[in-house]
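Work through the following exercises with the coordinates open beside you. Each task is followed by a solution that proceeds step by step.

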Amino acid sequence: MYCVRKVTDDLYWIGGNDHRLSLFENIHPIPKGVSYNSYALIDKKTVLFDTVDWSICREFLDNLKFVLDGKDLDYIVINHMEPDHGASLEEVLLRYPKAKIISTEKSFMLMRQFGFDIDGKEIEVKEGDTFSFGKHEVVFVEAPMVHWPEAMVTFDKTNGVLFSADAFGSFGALDGKLFNDEVNFDRDWIDEARRYYTNIVGKYGPFVQSLLKKAAPLLPDIKYICPLHGPVWRNDFEYLIDKYDKWSRYVPEDEGAVLIAYASMYGNTEHTAQVLATKLVEKGVKNVAVYDVSNTHVSYLISEAFRVSHIALCSVTYNLGIYPVMHNFLNDMKALNLQNRTFALVENGSWSPKSGDLMEQFIDEELKLMDVLNDRVTVSSSLNETTEKELDSLVETILDSMKK
């Protein structure tokens with residue numbers, strides 16, 4: 001049985017939702033599920049824009065059959081060949097063997113690596129190439145490393161639809177809703193959209209900036225943005241593009257916001273982090289988020305690190321080193337190219353506190369364009385009157401840094 005949504009008069013969403021998958025890419029928790037978006041265009045020629053993950057292949061094929069309504073499938077445009085979108089390609093070809101595949105050279109290479117039989121079906125396109133399906137004419141724009149090297153986006157010049165591949169996507173199942181104005185995006189979706197971008201695409205900010213520059217001339221003509229995950233956008237494009245511009249330039253989304261990430265073994269460092277948060281709020285910093293790195297998946301920590309301008313790391317010393325999960329958080333910041341943040345450091349150690357020096361060394365040597373505040377606080381086992389006063393001094397230093 002089919003489940004489709006109309007995007008325009010002759011374009012249909014034929015994807016599906018997955019609430020059974022617990023880890024996206026077997027690493028990122030998706031408690032709200034995920035959508036796999038695919039689109040079918042019914043013109044003089046019929047066109048499928050990308051396929052879906054194997055997990056929803058059966059319903060996807062039912063949707064495609066319904067929309068085609070007895071017609072054959074003429075073309076398959078593959079914007080992105082990662083298996084969560086390309087896995088069902090071979091099943092489509094088995095049912096519609098006359099269909100030709102339109103994609104990039106590197107995409108065809110990946111299809112062969114995944115074992116797909118595509119010989120004689122390839123139509124290779126490059127930057128700026130156009131193709132007509134009848135009244136609809138599309139132009140192809142290469143988008144390498146957003147976030148795989150073969151990626152491209154496709155713009156339909158007739159109806160103003162931008163098929164944006166993984167760009168502008170989000171975690172979260174659609175559950176009947178399709179368009180951005182059918183949801184409260186800023187309340188219910190922005191955190192998952194940020195977490196998706198920062199953990200999946202975040203490393204490749206310069207490539208996203210390149211794509212945004214190439215897409216800028218198209219912006220006045222764009223009427224829909226159709227990503228491969230999450231809602232279809234049909235208005236408020238400036239909101240979405242502003243987020244992508246900031247994230248890809250590693251500019252804080254919320255200036256004056258503070259992330260406090262703590263690593264605590266017996267609760268003393270946690271208490272210190274809570275006292276720090278309280279003092280900041282009392283001084284007027286309302287946007288303060290506190291996370292236990294041991295109980296928070298690092299994808300959420302990375303998302304918050306991209307959002308805020310200031311990060312306070314509070315860590316015990318463990319085997320004369322940084323607490324392992326805090327070290328993992330720092331390594332993920334490095335891997336995902338986080339930049340342009342201000343750090344405050346709080347260390348704890350009962351007999352040889354070392355984590356402060358080691359965290360500062362990591363930030364200075366491994367991360368880019370970071371500022372570490374001088375007023376580090378050292379806690380010896382638990383907070384006392386002396387270290388509480390040092391926390392007061394650290395709060396003032398954080399506030400002063402926000403004025404620069």
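The exercises below concern a predicted model, and they go from the whole chain to helix pairs and then to single residues.

**Exercise 1. Describe the protein as a whole: what are its secondary structure content, its extent and its burial?**

Solution. Begin with the secondary structure, which comes to twelve helices and 23 strands. Next take the C-alpha trace, which spans about 80 × 40 × 35 Å along its principal axes. Then turn to the surface: the protein exposes about 17200 Å², of which carbon and sulfur atoms supply 49%, while 57% of the 404 residues count as buried. Finally, consider the contacts with a sequence separation of 6 or more, where residues 24 or more positions apart account for 71%.

**Exercise 2. Determine how α9 and α10 are oriented to each other, and which residues form their contact.**

Solution. First locate the two elements: helix α9 covers residues 298-307 and helix α10 covers residues 324-335. Their axes lie 10 Å apart and the packing angle is about 55°. Angles under 35 degrees count as roughly parallel and 65 to 115 as roughly perpendicular, and α9 and α10 are therefore oblique to each other. As for handedness, α9 passes α10 in a right-handed crossing. The α9 side of the contact consists of V298, L301, I302 and A305, which meet F329, D332 and M333 of α10. Sorted by class, this contact of α9 with α10 has six nonpolar residues, one charged residue and no polar ones.

**Exercise 3. Classify the orientation of α10 relative to α11, and list the residues through which they meet.**

Solution. Helix α11 comprises residues 355-366, and its axis comes within 11 Å of that of α10, with a crossing of roughly 10°. Because this falls in the class of angles under 35 degrees, α10 is roughly parallel to α11. From α10, the residues M326, H327, L330, N331 and K334 take part, and they meet M359, F362, I363 and E366 in α11. The class count for α10 with α11 is five nonpolar, two polar and two charged residues.

**Exercise 4. Analyse the pair α5 and α7, and then place F185 within its surroundings.**

Solution. Start from the geometry: the axes of helix α5 (residues 185-201) and helix α7 (residues 237-249) come within 12 Å and cross at roughly 35°, and the crossing is right-handed. Then read off the contact, in which F185, D186, I190, A193, R194 and Y197 of α5 meet Y239, K243, Y244, W247 and S248 of α7. The contact of α5 with α7 has, by class, seven nonpolar, one polar and three charged residues.

Now narrow the view to F185, which lies in helix α5. Its relative accessible area is 8%, and since buried means under 20%, F185 is buried. Leaving aside residues up to four places away in sequence, F185 touches I190, A193, P231, W233 and Y239. For a distance check, compare F185 with D166: the two are 19 residues apart in sequence and 18 Å apart in space, C-alpha to C-alpha.

**Exercise 5. Find where the backbone departs from the usual values, and state where D69, S381 and H147 are placed.**

Solution. The background is that most residues other than glycine have a negative phi, and most peptide bonds are trans. Against this, D69 has a positive phi, near 50°; it is found in the loop between α1 (57-68) and β9 (75-77). With a relative accessible area of 60%, D69 is exposed. S381 likewise has a positive phi, in its case near 75°, and its place is in the loop between β23 (377-379) and α12 (385-402). At a relative accessible area of 30%, S381 is partly exposed. The remaining case is a cis peptide bond, with omega about 0°, that joins V146 and H147, and H147 is in the loop between β13 (137-142) and β14 (152-156).

**Exercise 6. Is P220 buried or exposed, and how far is P220 from G160?**

Solution. P220 is found in the loop between α6 (205-215) and β16 (224-226). Its relative accessible area is 69%, and because exposed means over 50%, P220 is exposed. In sequence P220 and G160 are 60 residues apart, whereas in space they are 9.2 Å apart, C-alpha to C-alpha.

Technical notes: Residues are numbered from 1 along each chain as its sequence is written. This is a predicted model: local features need pLDDT of at least 70, side-chain atom pairs count only at pLDDT 80 or more; totals for chains, interfaces and linings use all residues. Side-chain values use heavy atoms; hydrogens and water are left out. Axes are lines fitted to C-alpha atoms, for helices over the stretch in contact, and angles run from 0 to 180 degrees between N-to-C directions. Helices (H or I, at least four residues) and strands (E, at least two) are DSSP runs, numbered from the N terminus. Angles under 35 degrees count as roughly parallel, over 145 as roughly antiparallel, 65 to 115 as roughly perpendicular and the rest as oblique. A crossing is left-handed if the near helix is turned anticlockwise from the far one by less than a right angle, and right-handed if clockwise. Contact means heavy atoms within 4.5 Å. Ala, Val, Leu, Ile, Met, Phe, Trp, Tyr, Cys and Pro count as nonpolar, Asp, Glu, Lys and Arg as charged, and the others, Gly among them, as polar. Buried means under 20% relative accessible area, exposed over 50%, partly exposed in between (1.4 Å probe, protein chains only). Accessible areas come from the Shrake-Rupley method with a 1.4 Å probe; for residues, only the protein chains shown count as cover.
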